Amino acid sequence: MRWWVLGVACFAAYIAFSFVDVHDYRSLLEGKRVVVCGASTGIGEQLAYVYARYGANLLLAARNENRLKAVTEKCSDLGTKKVNYVALDLSD
């Protein structure tokens with residue numbers, strides 16, 4: 001009988017904590033400087049958007065300058081205070 005009660009209590013605690021966001025990422029990242037390489041597409045682009053929502057100051061780097069301009073504008077719309085980009089190739 002005791003094991004059943006313990007199991008139900010653990011399951012209830014798991015459910016309760018899975019719906020609670022224990023981290024306040026905005027307070028951790030707001031105003032911090034973040035450099036994102038490969039920010040014109042893919043994972044780098046999505047990371048740039050996440051950091052922009054949290055208010056980080058961004059420096060975006062990638063090869064495609066036209067795409068970087070578009071990502072920079074969207075990051076500004078999402079709430080970042082400062083965002084700059086550098087078109088460069090890191091493959092060498």
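## Chat over a predicted chain

Mentor: Start with the surface. The chain exposes about 6,900 Å², and carbon and sulfur atoms supply 58% of that area. Keep in mind that this is a predicted model.

Trainee: What share of the chain's 92 residues is buried?

Mentor: Buried residues come to 25% of the 92.

Trainee: And how many helices and strands are there?

Mentor: Four helices and three strands. From the N terminus, the elements run α-α-β-α-β-α-β.

Trainee: What about contacts with a separation of 6 or more? How much of that comes from residues 24 or more positions apart?

Mentor: Those pairs account for 57% of such contacts.

Trainee: On to the sheet. In what order do the strands sit?

Mentor: The order is β1-β2-β3, in an open sheet. The pairing is parallel.

Trainee: Which strands stand at the edges?

Mentor: β1, residues 33–37, and β3, residues 83–87. Each has a single partner strand, so one side of each lacks a neighbour in the sheet. The twist averages 15° from one strand to the next.

Trainee: How many bridges join β1 and β2?

Mentor: Five, in the parallel sense. Val-34 has Leu-58 of β2 as its bridge partner. For Val-36, the partner in β2 is Leu-60.

Trainee: Which way do the β1 side chains point?

Mentor: They alternate. Val-34 and Val-36 point to one face and are buried. Arg-33, Val-35 and Cys-37 point to the other face and are not buried.

Trainee: Now β2 and β3. How many bridges there?

Mentor: Five bridges join β2, residues 57–62, to β3, and the two run parallel. One pair to look up is Ala-62 with its bridge partner Ala-87 in β3.

Trainee: Why call β2 largely enclosed?

Mentor: Five of its six residues are buried, so the rest of the structure largely encloses β2.

Trainee: Let's do helices. Which strands does α3 lie across?

Mentor: Helix α3, residues 42–53, lies across β1 and β2. It runs at about 165° to β1.

Trainee: And α4? Which strands does that helix lie across?

Mentor: Helix α4, residues 65–78, lies across β2 and β3. Its angle to β3 is about 170°.

Trainee: At what angle do α3 and α4 pack?

Mentor: About 25°, with the axes 8 Å apart. Angles under 35 degrees count as roughly parallel. The two helices, α3 and α4, are therefore roughly parallel to each other. Their crossing is right-handed.

Trainee: Which residues make the contact?

Mentor: From α3, Glu-45, Ala-48, Tyr-49, Ala-52 and Arg-53. From α4, Arg-67, Val-71, Lys-74, Cys-75 and Leu-78.

Trainee: Switching again. Where is Ala-39?

Mentor: In the loop between β1 and α3.

Trainee: Is Ala-39 buried or exposed?

Mentor: Buried, since the relative accessible area of Ala-39 is 0%.

Trainee: What is Ala-39 in contact with, leaving aside neighbours within four places in sequence?

Mentor: Gly-44, Glu-45, Leu-60, Ala-61, Ala-62, Leu-68 and Val-71. Two of those names came up before: Glu-45 and Val-71 also take part in the α3 and α4 contact.

Trainee: Back to Ala-62, then. How many residues separate Ala-39 and Ala-62 in sequence, and what is the distance in space?

Mentor: They are 23 residues apart in sequence. C-alpha to C-alpha, Ala-39 and Ala-62 are 5.7 Å apart.

Terms used:
Residues numbered from 1 in each chain as written. Predicted model: local features only at pLDDT ≥ 70, side-chain atom pairs only at ≥ 80, totals over all residues. Heavy atoms only, no water. Pairing = 2+ DSSP bridges. Axes fitted to C-alpha atoms, helices over the stretch in contact; angles between N-to-C directions. Contact = heavy atoms within 4.5 Å. Buried < 20%, exposed > 50% of the residue type's maximum accessible area, 1.4 Å probe, protein only. Areas by Shrake-Rupley, 256 points an atom, 1.4 Å probe, with all protein chains shown as cover. Parallel < 35°, antiparallel > 145°, perpendicular 65-115°, else oblique. Left-handed = near helix turned anticlockwise from the far one by under 90°.
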